[in-house]
Amino acid sequence: MNAGKSQRTPWIVGVSGASGTPYAAAVLRALIAAGESVDLVVSRASRLTLLDETGISFRDAHWRDDLTQWLARGADGKPDSFTADVSDVRYWSAGDLAAGPSSGSYPAKGMLIVPASTACVAGVALGLSKDLLQRAASVTLKERRTLVVAVRETPLNGQTLRHLVALDDAGASVVPASPAFYAGATHIQDLVDFVAGRVLDAAGVEHGLYRRWKGELRGGNG
């Protein structure tokens, strides 16, 4: 190995089938803006959600074009709202269980699952590894790397709550996709960015997605 060449160490981003693809887009844009390398895994179910929420078909053979189109779209559905350089994004098919992130020897900083469906939460908590997303999450836990699970479901039943507790016990950070309003949100994108920012906070990635609480009441004024 060339000692003068730094090793690419990405964040793995898994997108499950829960509603909330704008959350994933905001996280991906922020990671790219922070200069982070990204490995992307999009589940089969999430492709249906993405198509329903944005009208974008995510195709293995054209993933770069589809990803660029997706990341350009705002939470309000308007196209060309953002720009993102996806040149350092690596895509892995969810069905590829021989992919890099399926092994603990593959270098990675950690993994962010956003949004995380209850089915995904259950699979990771039980160690099912039915697809690459779940397998990469299991690897992240066994290697003691950062795992952030942005669960997006309501209400939560007892079984899912027990799975979330199991993930917390295993070392994952559970970040419910719960927007806050103290940051002065005036647009749907602000609410999405708050959740994305909290996901990145849990991962220790710097960003400027929302105004942080400083202990000063604003009286509802913008």
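**Helix contacts and backbone exceptions**

Visitor: Which residues of α3 are met by T21, A24, A25, L28, R29 and I32 in α1?

Guide: This is a predicted model, so local features need pLDDT of at least 70 and side-chain atom pairs pLDDT 80 or more, while totals for chains, interfaces and linings use all residues. Residues are numbered from 1 along each chain as its sequence is written, and side-chain values use heavy atoms, without hydrogens and water. Contact means heavy atoms within 4.5 Å, and helices (H or I, at least four residues) and strands (E, at least two) are DSSP runs numbered from the N terminus. On the α3 side, the residues that meet those six of α1 are L67, W70 and L71.

Visitor: How many residues of the contact of α1 with α3 are nonpolar?

Guide: Nonpolar covers Ala, Val, Leu, Ile, Met, Phe, Trp, Tyr, Cys and Pro; Asp, Glu, Lys and Arg are charged, and the others, Gly among them, polar. In the contact of α1 with α3, 1 residue is polar and 1 is charged. The nonpolar count is 7.

Visitor: How are α1 and α3 oriented to each other?

Guide: Helix α1 (residues 21-33) and α3 have axes 9 Å apart, at an angle of about 100°. Axes are lines fitted to C-alpha atoms over the stretch in contact, with angles from 0 to 180 degrees between N-to-C directions. Under 35 degrees is roughly parallel, over 145 roughly antiparallel, 65 to 115 roughly perpendicular and the rest oblique. The two helices, α1 and α3, are therefore roughly perpendicular.

Visitor: How are α4 and α6 oriented to each other?

Guide: The axes of α4 and helix α6 (residues 158-169) are 9 Å apart, and the helices pack at an angle of about 50°. The relation of α4 to α6 is therefore oblique.

Visitor: Which residues of α6 make the contact with α4, and how many charged residues does that contact have?

Guide: From α4 come T118, V121, A122, V124, A125 and L126, and from α6 come T160, H163, L164, A166 and L167. By class, the contact of α4 with α6 has 8 nonpolar and 3 polar residues, and the number of charged ones is no more than none.

Visitor: Where is P115 placed?

Guide: The peptide bond from V114 to P115 is cis, with omega near -10°. The place of P115 is strand β4 (residues 110-116).

Visitor: Where is P155 found?

Guide: T154 and P155 are joined by a cis peptide bond, with omega about -10°. P155 is found in the loop between β5 (146-151) and α6.

Visitor: What is the phi of D80?

Guide: Most residues other than glycine have a negative phi. D80 lies in the loop between α3 (63-72) and β3 (89-93). Although D80 is not a glycine, its phi is positive, about 60°.
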